[in-house]
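Please open the structure in your viewer, and keep the sequence panel beside it. The stops below are meant to be selected in turn, each leading on to the next.

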Amino acid sequence: MFRFCKLALLATAMIVVMPMESIIATSTGARPIVIGHRGASGYRPEHTLEAYTLAIAQGADFIEPDLVPTKDGVLIARHENEISGTTNVAERPEFAARKATKMIDGAPVTGWFTEDFTLAEIKTLRAKERLEFRDQSRNGLYLVPTLQEVIDLAKQKSRETGRTIGIYPETKHPTYFQSIGLPLEDRLLKVLSDNGYAGANAPVFIQSFETANLKYLRTKTDLPLVQLFDESDVQPYDFVVSGDRRTYGDLTTPAELAKIAEYAKGIGPYKRLIIPVDASGKLLPPTSLVRDAHQAGLLLHPYTFRNESRYLAPDYNNNPEAEYEQFFRLGVDGVFSDFPDTGVAVRNRLAPVSGQAR
Ligand code: G3P
Ligand code: CA
C-alpha cells in the first residue's frame with residue numbers, strides 16, 4: 001500500500017512537473033509572441049492584406065506593417081518608399097516619368113517613390129513578390145494597404161477569432177521623411193489614437209531603427225516602443241546625421257541598454273546579435289544580450305526567422321524549427337517570422353496555451 005501510494009504520488013508529481021519542464025522562460029512569464037513579419041510574407045506578397053490575413057490564420061499574435069507616406073500624407077504598408085521591387089509600378093507607362101534617383105539614408109536609390117504618388121494612384125498599383133525564389137503566382141492580384149486598412153483587419157480578425165491581434169508598425173526612414181516635410185510620427189499617433197490604441201498595455205508596438213524619433217514619440221505617447229538594432233557595425237541613421245559615432249553594436253552594452261529602457265519597452269535585434277555565426281555561417285555561442293536586455297527591463301523580439309535553407313545556419317540541418325527552439329529556450333519574448341505557422345508550432349510546443357512561461 002505504502003509502495004502504491006508512493007508510486008501514485010510520484011506519477012502525480014510527474015504529471016505536474018513534466019509540462020513545466022517543456023515551458024520556456026521569457027522575461028515577463030508570458031508566452032513569447034509570434035509576429036507576422038510583413039504578414040506571412042514567406043507565403044504571400046509582403047505587406048498585403050492577404051499576407052496579414054494568412055499570418056493571423058496561422059496563429060500570429062501581431063502583424064507587422066512597415067510604414068511610409070504617400071504624397072498626400074497617408075501612411076501605407078511598404079518596406080521601403082521605393083516600390084518597384086514590390087509593386088508593378090515599373091510596368092505602368094503613365095508613371096514612367098516619375099522614375100527618379102534620390103539619396104535615402106545616405107545612399108542613392110533609383111526607382112519610384114511613394115512620396116511622389118497620391119493614395120489614389122498607389123491604389124491603382126498591384127503588389128508583387130520581392131524574392132525570385134518565392135511563389136510568384138499571386139503577383140498582380142493584391143493592393144497596397146493603408147495603415148488604417150491593416151488596423152481594420154486586425155480588429156475584424158480579433159472579433160472573429162476571439163484573440164487579440166496586435167499591430168507592430170515600423171516607421172521607415174524617419175529622418176528622411178522629416179527632411180521632405182512628411183514626418184511619420186504624428187501621423188502614426190493620430191491613426192492609432194483615432195482607432196482607440198492608448199496606454200502602455202495597448203496591443204501595439206511602435207518600432208524604429210532610428211533613436212531620435214522613438215525618443216520624440218516617448219514624449220507624445222505611452223504606447224510601447226521598440227528600438228530596433230541592425231548589424232553591429234551599422235549606425236542608426238540619425239546618429240550618422242548628428243555625428244554620433246556609436247554603432248548598434250555599441251548600444252548592446254548594459255549601460256546603453258539601461259538608457260534605451262528609459263524610452264523603450266523592448267528591443268528588436270538582428271538575430272545575429274544574440275547568436276552570432278562565424279565566417280562559414282556556423283553558429284557561435286550566444287552573446288549575453290538576452291540576459292543584459294532583460295536585466296535592463298527590456299523585452300527582446302529578434303528578427304527575422306525564415307524557413308528557407310539559404311537563411312538557416314548549417315547547424316540546424318535544414319530544420320527551421322530548431323532555430324526557433326534555440327531562441328525560445330534562450331528566453332526571447334517574441335520573434336519576427338516570415339512563416340508564422342512554423343514559429344507558432346514551436347512556440348506552442350514549448351509553451352502550451354495552458355501553461356505559463358517561467
Ligand atoms: O522590424 C523588424 C524587422 O522587420 C526589421 O527588418 O528590414 O524587415 O524591416 P526589416
Ligand atoms: Ca520591419
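Begin with Thr26, which is buried, with a relative accessible area of 8%. The model is a predicted one. Thr26 is found in the loop between helix H1 (2-21) and strand E1 (33-37), and if you display its side chain you will find that it reaches the backbone nitrogen of Gly29 at 3.2 Å.

**The sheet**

From that loop, move on to strand E1 and colour the sheet to which it belongs, an open sheet of four strands in the order E7-E2-E1-E13, with parallel pairing. Its edges are strand E7 (166-167) and strand E13 (334-337), each of which pairs on one side only. Now select strand E2 (residues 62-64) together with E7: the two run parallel and are joined by two bridges. Where does the bridge from Ile63 lead in E7? The bridge partner of Ile63 there is Ile167.

**The nonpolar cores**

Keep Ile63 selected, since this residue also belongs to the largest nonpolar core, which has 77 residues and in which Ile63, Leu192, Ile206 and Ile267 touch the most other members. Helix H4 (residues 147-161) gives the most to this core, with five residues. Apart from it lies another core, of 10 residues, among them Ile35, Phe62, Leu228 and Phe336.

Next, centre the view on Ile267 and show what surrounds it. Leaving aside neighbours within four places in sequence, Ile267 is in contact with a set of residues that includes Val226, Gln227 and Phe229, then Leu257 and Ile260, and further along the chain Leu289, Ala293 and the run Leu298, Leu299, Leu300 and His301. In soluble globular proteins, nonpolar side chains tend to be buried together.

**The surroundings of ligand 1**

Select ligand 1 and display the residues around it: His37, Arg38, Glu64, Asp66, His79, Glu170, Lys172, Gln207, Phe209, Leu228, Tyr303 and Phe336. Leu228 and Phe336 in this list are also among the members of the core of 10 residues. Which side chain has an N or O atom 2.6 Å from an oxygen atom of ligand 1? That side chain belongs to Arg38. A polar side-chain atom of Glu64 lies 3.0 Å from an oxygen atom of the ligand, and for Glu170 a polar side-chain atom likewise lies 3.0 Å from a ligand oxygen atom.

**From Arg38 into the salt bridges**

Stay with Arg38 and add Glu46, Glu80 and Arg130, for these four residues are linked in a network of salt bridges. Within this network, the side chains of Arg130 and Glu80 meet at 2.8 Å, N to O. The pair links distant parts of the chain, 50 residues apart, with Arg130 in the loop between helix H3 (119-122) and H4, and Glu80 in the loop between strand E4 (75-77) and strand E5 (100-104). Is each partner buried or partly exposed? Arg130 counts as partly exposed because its relative accessibility is 28%, whereas Glu80, with a relative accessible area of 18%, is buried. In the model as a whole, the count comes to 27 salt bridges.

**Arg134 and its neighbours**

Now select Arg134, which also lies in the loop between H3 and H4. Arg134 forms a salt bridge with Asp338, the closest N and O atoms being 3.0 Å apart. This pair, too, links distant parts of the chain, since Asp338 is in the loop between E13 and helix H12 (340-350), and the two residues are 204 residues apart. Both partners count as buried, Arg134 at 8% relative accessibility and Asp338 at 2%.

Display the wider surroundings of Arg134 as well. A polar atom of its side chain lies 3.2 Å from the backbone oxygen of Ser41. Leaving aside neighbours within four places in sequence, the contacts of Arg134 include Gly42, Glu129, Arg306, Glu308, Tyr311 and Phe339, besides Ser41 and Asp338.

**A last stop in helix H4**

Finish in helix H4 by selecting Lys157 and Glu160, which form a salt bridge with the closest N and O atoms 3.2 Å apart. Because they are three residues apart in helix H4, these two residues are separated by about one helical turn. Lys157 counts as buried, at 17% relative accessibility.

Methods: Residues numbered from 1 in each chain as written. Chains lettered and ligands numbered in written order. Predicted model: local features only at pLDDT ≥ 70, side-chain atom pairs only at ≥ 80, totals over all residues. Heavy atoms only, no water. Core = buried A, V, L, I, M, F, W, Y, C linked by side-chain atoms within 4.5 Å. Buried < 20%, exposed > 50% of the residue type's maximum accessible area, 1.4 Å probe, protein only. Contact = heavy atoms within 4.5 Å. Pairing = 2+ DSSP bridges. Near = heavy atom within 4 Å. Polar contact = N/O pair within 3.5 Å; in protein donor to acceptor, adjacent residues only side chain to side chain.
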